[in-house]
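Got the structure open in your viewer? Here's a short walk through it, one selection at a time.

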Amino acid sequence: MFKKWFKPKWEHEHPNVRTQAVKMLDNEKLQERAILENLAQLDPNESVRIAAATKLSDPALLVELYQNANLLSEKDALITCFTELVSTRTKDESVALFALEHINNAAFLESMIRQSPLANIRQKAAHLITNEEQLLDLENTLKNKDKGTYRIIKDKLKQIKSKLKQLSVDQAELEATVTTLEHLSQQDPSPLLPHQLKQLTSKWNKIDQDKSNWQERYNQALKNCQTRLTKHQEHIQTMAAAKQEQLAAAQTFEHICETIEQGTQLISSERNSQLVDLAGLKQIITEQKNAWHQAQIHAQADPQTQARYQKNLQQAEHYIHCIELLQSQHQKLEQWIEQSHLLQAINVEKIVQLKKSFSYFFKQLKWPIHFLKPNIMVKAENSVLQLKQLHQQAEQALLDFKNKVAKNLKDLKEEVKNGHLKEVNKKLKHIQSDLQQIPIKESQTLQNELRKITQSVNELRNWQGYAIIPKKQALTEQMQNLIKTDIPAPDKAERIKLLQNQWRTLGNSQCTEEKTLWQAFKEAADQAYEPCKAYFTQQNTLKQENLNKRVQLCDQLEHYAQHHNWTHADWPLVFETLKTARTQWRQYTPIEHHQASKQVQKRFDQIIQTIQSHTDAYKQNLKKQKRALIEQMTTLLDDEDLSHAITQSKNLQEQWRKIGRLKYNEEQALYQEFRKLCDVLFARRQQSHKERQLELENNKQAVLSLQAELESLQKLSNEQLLASKKQAQALYEQFEKIAPLPKTEARQIREAFQQSYQNYQAQLNTHKQAVLEKQYEHLWQACELLETMELAILEQTLSDTALQDIKHQWSDIGPVPETAETDINARFDSAINAYTHSTAEAFKQAELDRYPLLHTLTLHMEILAGLESPQEDQDQRMALQVDRLSQKMSLGHTSGQRNLSNLELRQSLEATWCCTGPININTIKNLKDRFLKAKEHIQS
């Protein structure tokens, strides 16, 4: 009764009284701190709980109160308490870090930033804030105050903007992916479609955004694409079968071509055309033609094979035709060959006739150049060569004879001109005799010349047989008439000269009248020539002027040659100067051809030769430079660094263009040589490029093959999947060694393979976890069997029969986790040993020692599951939590260690529980129920 009157105020029924009493309690005193902790956790009134919490300084307890608080006002109060604790009541950095780790409240984080004296805590809190408005407010507040925290706030805002931007990009990516899929679903499938679908699905799966607006379109488009792809693959299979048939036909065509080639080559190796097996060759050709026509029924040969077949067939048939012709004309050829050996150079007509016979035969024959020539044909060709030599000798002899006749005609003409009729008749007889020995066609020109001379001879005979006077009178009259004739001076002078020559041709006689005629003829010639004098005087003046101009041109060129700087000459201008000088020289005509003009010509030639020597030296230097470039280009062909060689070759080509040009023929010859070397180098580059492209394509196909093989592993059964780990690792190692890949596709190819490998690892880990969970089920079966066995040993009710049954059940239990196998077997052996040696009392004492461990394991499991523990276990649970917190903090500062995941912690607790024995199941039933409840809560 008195206790009711003296009840402590913190137990008073009125909340206000309890609140006032809480304010009087001291957290530093152990007993009062326990009261505060109890009130903060269990008091039904919010104000009392808040008042008690504000007095506490245990961060772990405050965190637990915050996590268990249901009212927003209570949470705010606890946050204020935490803020005060961290910023004013304690400056322990670990406490602040603990608070930041467990209280993810925006107001608390902002208060830490604004009030904490520790820069590390402010920056840690800044890292945890995610609200954009709050960050903007803090950015304005902290600017120019707390640079480190301000920078973090600014970076966080940048990250938020980046995320928003990324969200927009992801939405655009979603739309682009769906649009691309829809576009692909409407097009004819290409070989890249499977790879494109894989890329698009991978891209779709990687985007971690809301896809509800696009999901239906995506699914439909993907389904359409897959339908089209299936049809396309079926079509490809059909085409592959057709291609296989085409390949078989192609092999048949190839065999036919090779058979014809081999048959023809085998028979054509026979030198004696009479022994060639034409029947066998014809049979081979007939058989292969029939085989070709049969193969053409099922497939069409490609143009190249068709051309090869036609070529081989034509060659074989042409060869047969040639052999048949040789066999039919063999005897005639032997006769011609024999005749060719008997002919001499004088038998021109027979030589020509025989040459024509051989020529006509070879024209008909048209022997194929790639086939071995028979002996008879070789002999015939040798005979043709011999006939050609005889014909050349005959032609040379004929030419010499014609030259002799031409010389005699010239001499005859001179004798006629001199009027020596006796000598003329003698020579004319010899010439006529010689002309009869020359073929008519070859002597036509000489016969014409002889006719002309014969006319002169006849005239001579007439002049001397009758009278020369009338003819000379006629020439005099013509000359007198020419005086009055108005024609150009050159023509008149030519006519005068012609009449004078005719006068001289008539010869001289001893009569007096001829002298009178000569005087009249000469006077008429002088009068007729009088008008020509002025013209020829003018011509002489012009010739002298031209000669003077040539002299001046020589002076200029001589000065140019002597004073020009040939070391640094402008060679194009030099060549232009030479060209201009020669042109002007030719323009300075007509010119008198006397000694002075010859000396000027000689001087001009010497000056031109002097200048030409400089230009020749220049061209020789150009030639050396071009030859040096060719040698450099030749050296580049052996350069292993192809890229360097190509670059250098382009430099050499640029140098070639800058060097001057030689004469056309020399320039073309050198340039062709240089160009061929360049072509070889660039052909090598093209080949290298092709090889590079082939290497890239092969590497790409190798990666795709590895990826396909990796994806096939994902379809294995569970046991096979576990066994494929080394194979998958080997595939990944092969993938890492493959390089390079096509530049435009490398990233996509590698990402696709990496994604496949990650999918495989995820599937493997999932299966491993499933296997491990199954092993833990077996571990619990073993634990339950041990519990039954240990209880019977403790109660001394276990019989030998029951033990045997337990052993059988033990052997039937499946595999347990590897980490627990030794300990669970040790627990079983310990129980067997206790039964065998009748040490139940010691066994019972051991069972009592296990209870505290199992109790601790239960509390750990409840903490891990976030479930409440009974009131009587609160102190021990708080100690475990604080110890756990300190372990985490120490691990966080220790390199080489990591915090275990909740799954690993749960499995560790399970293994420890199951391997802990002996136990009395009745004694620990409550603990086991709590332990299993917490375990199931975690698993759910």
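Which residue lies over the face of W656? Select W656 and look along the ring normal: K626 is the one, at 4.2 Å from the ring centre. Keep in mind throughout that you're looking at a predicted model.

**Stop 1: around W656**

Stay on W656 and check its surroundings. This residue is buried, with a relative accessible area of 5%, and under 20% is what it takes to earn that word. Now add Y671 to the selection. W656 and Y671 form an aromatic pair, with 6.0 Å from centre to centre and 55° between the planes, which puts it in the tilted class. Colour by helix and you'll see that W656 belongs to α26 (residues 642–658) while Y671 belongs to α27 (residues 664–713), so this contact ties together parts that are 15 residues apart in sequence. Is Y671 buried or exposed? Neither quite fits: at 31% relative accessibility, Y671 counts as partly exposed.

Next, bring in F674. Its ring and that of W656 have centres 4.5 Å apart and planes at 15°, so here the pair is stacked. This is another link between distant parts of the chain, with W656 in helix α26 and F674 in helix α27, 18 residues apart. Both W656 and F674 are buried.

While α26 is on screen, select E654 and R657. They form a salt bridge whose closest N and O atoms are 2.8 Å apart. Both residues lie in α26, three residues apart, or about one turn of the helix. E654 counts as partly exposed at 35% relative accessibility, whereas R657 counts as exposed at 57%.

**Stop 2: an aromatic cluster**

How many aromatic pairs does the structure hold? There are 14. For a group of rings to look at together, select Y732, F735, F753, Y757 and Y760, which form one aromatic cluster.

**Stop 3: salt bridges across the chain**

The structure holds 18 salt bridges, and two that reach across the sequence deserve a selection each.

Begin with D555 and R603. Their closest N and O atoms are 2.4 Å apart, and the two form a salt bridge. D555 sits in helix α23 (residues 512–563) and R603 in helix α25 (residues 595–636), so the bridge ties together parts that are 48 residues apart in sequence. Neither end is buried: D555 counts as partly exposed at 37% relative accessibility, and R603 also counts as partly exposed, at 24%. Add E558 to the selection and you have a network of salt bridges linking D555, E558 and R603.

Then jump to D873 and R930. Their side chains meet in a salt bridge at 3.1 Å, N to O. Where do the two partners sit? D873 is in the loop between α33 (840–865) and α34 (874–892), and R930 is in helix α36 (residues 925–939), so parts that are 57 residues apart in sequence are tied together. Check the accessibility of both: D873 counts as buried at 7%, and R930 counts as buried at 12%.

**Stop 4: the largest pocket**

Turn on a surface view for this one. The largest pocket has a volume of about 600 Å³. To centre your view there, select K198, Q199, S202, K203 and K206, which are the closest to the pocket's centre among the 26 residues that line it.

Which helix supplies the largest share of the lining? That would be α12, with nine residues. Helices α11 (147–185), α12 (193–206), α27 and α30 (746–794) each supply at least two residues of the lining of the largest pocket, so try giving each of the four its own colour. What kinds of residues line the largest pocket? The lining divides into five nonpolar, 13 polar and eight charged residues.

**Last stop: L181**

Finish with L181, which lies in helix α11. L181 is buried, with a relative accessible area of 0%. Now draw a distance from its C-alpha atom to that of K223: the two residues are 42 apart along the chain, and the atoms are separated by 9.6 Å.

How values were computed: Residues are numbered from 1 along each chain as its sequence is written. This is a predicted model: local features need pLDDT of at least 70, side-chain atom pairs count only at pLDDT 80 or more; totals for chains, interfaces and linings use all residues. Side-chain values use heavy atoms; hydrogens and water are left out. Rings of Phe, Tyr and Trp (its six-membered ring) pair if their centres lie within 6.5 Å; planes under 30 degrees apart count as stacked, over 60 as edge-to-face and the rest as tilted. Buried means under 20% relative accessible area, exposed over 50%, partly exposed in between (1.4 Å probe, protein chains only). A charge sits over a ring if NZ of Lys or CZ of Arg is within 6 Å of the ring centre and within 35 degrees of the ring normal. A salt bridge is a side-chain nitrogen of Lys or Arg within 4 Å of a carboxyl oxygen of Asp or Glu. On a 1 Å grid over the protein atoms alone, a cavity is a set of points where a 1.4 Å probe fits but cannot get out, and a pocket is an open set with protein on both sides within 12 Å along at least five of seven lines; lining residues have an atom within 4 Å of a point. Grid points are joined across faces, edges and corners, and a volume is the space filled by probe spheres set on the points. Ala, Val, Leu, Ile, Met, Phe, Trp, Tyr, Cys and Pro count as nonpolar, Asp, Glu, Lys and Arg as charged, and the others, Gly among them, as polar.
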